[in-house]
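Visitor: Hey, I've got a structure to look through and I'm new to this. Could you walk me through it?

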Amino acid sequence: MLKIKKISTIVLALCISLTSIMVFDRGNSYAAEFNYNNYLKNNKTYYCDLDGDGRKEKIKQVESYDQDASLWNVKLYINGKLKKTYKNIRGISVYICDFNKYDGRKELYIVQASCMSS
């Protein structure tokens, strides 16, 4: 009976230890890094390695307001090439974020009040 108690205690201690390691080990998890300081300002050029190749891409947003359509237009340029045009009635914000810190890439986070893109 004493031997069974010792074995049960050891097995229980091992189970608790393994469970706590699995629960509290965050080594393979990722967390989003969102910072309002990463906001891209209009007509300013930023350099950031977006694709993880070791070379920084040139990123620029050009914002304008179309009075006739009552829309804000944001053109997003990467390495001098127009990649996307966003249109919105309330304005658009662009941020550089790192949603998965383990993949070696950065992401562009586009915030719009309503989705109207072309």
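**Cysteines, strands and contacts**

Guide: Sure, let's start with the cysteines: the disulfide count here comes to zero. Keep in mind that this is a predicted model.

Visitor: Okay. What about Cys48, is that buried or exposed?

Guide: Cys48 counts as buried, because its relative accessibility is 11% and the cut-off for buried is under 20%. Cys97 is buried as well, with a relative accessible area of 1%.

Visitor: Switching topic: how many aromatic pairs are there?

Guide: A search of the whole structure turns up four. One of them is Tyr95 with Tyr109: the ring centres are 6.3 Å apart and the planes sit at 40 degrees, so this pair is tilted.

Visitor: Where do Tyr95 and Tyr109 sit in the chain?

Guide: Tyr95 is in strand 5, residues 92–97, and Tyr109 is in strand 6, residues 107–112. They are 14 residues apart, so the pair links distant parts of the chain.

Visitor: And which is Tyr95, buried or exposed?

Guide: Tyr95 is buried, at 9% relative accessible area. Tyr109 is partly exposed, at 34%.

Visitor: Which residues do the ring pairs link into a cluster?

Guide: The cluster is made up of Tyr39, Tyr95, Phe99 and Tyr109.

Visitor: Cool. Now strands: how many bridges join strand 2 to strand 3?

Guide: Eight bridges, and the two strands run antiparallel. Strand 2 covers residues 57–66 and strand 3 covers residues 71–78. To see one bridge, find Val62: its partner in strand 3 is Lys75.

Visitor: What's between strand 2 and strand 3?

Guide: Four residues, in a hairpin. Ser70 in that hairpin takes a positive phi near 55 degrees.

Visitor: And how many bridges join strand 3 to strand 4?

Guide: Seven bridges, and again the strands run antiparallel, with strand 4 covering residues 81–88. Ile78 stands opposite Lys81 in strand 4. Strand 3 and strand 4 form a hairpin too, with two residues between them. Asn79, in that turn, has a positive phi of about 55 degrees.

Visitor: Where do side chains point in a regular strand?

Guide: As a general rule, they alternate between the two faces of the sheet.

Visitor: Let's do charges. How many salt bridges does the search find?

Guide: Two in the whole structure. Arg55 forms one with Asp53, and their closest N and O atoms are 3.2 Å apart. Arg55 counts as exposed at 59% relative accessibility, while Asp53 is partly exposed at 35%.

Visitor: Which residue does Lys106 form a salt bridge with?

Guide: Asp98, with the closest N and O atoms 3.7 Å apart. Lys106 is partly exposed, with a relative accessible area of 31%, but Asp98 counts as buried at 9%.

Visitor: What about Glu57, which side chain of opposite charge is nearest?

Guide: That would be Arg55, 5.7 Å away. Glu57 has no salt bridge, because that distance is beyond the cut-off of within 4 Å. Glu57 is also buried, and it lies in strand 2.

Visitor: So what is 2.7 Å from a polar atom of the Glu57 side chain?

Guide: The backbone nitrogen of Leu50. If you're looking at Glu57 on screen, try picking out Leu50 and its backbone nitrogen too.

Note on methods
Residues are numbered from 1 along each chain as its sequence is written. This is a predicted model: local features need pLDDT of at least 70, side-chain atom pairs count only at pLDDT 80 or more; totals for chains, interfaces and linings use all residues. Side-chain values use heavy atoms; hydrogens and water are left out. Rings of Phe, Tyr and Trp (its six-membered ring) pair if their centres lie within 6.5 Å; planes under 30 degrees apart count as stacked, over 60 as edge-to-face and the rest as tilted. Buried means under 20% relative accessible area, exposed over 50%, partly exposed in between (1.4 Å probe, protein chains only). Two strands pair if DSSP finds at least two bridges between them. A disulfide is a pair of cysteine sulfur atoms within 2.5 Å. Lys and Arg count as positive and Asp and Glu as negative; His and the chain ends are not counted. A polar contact is a pair of N or O atoms within 3.5 Å; within protein, one must be able to donate a hydrogen and the other to accept it, and residues adjacent in sequence count only if both atoms are side-chain atoms.
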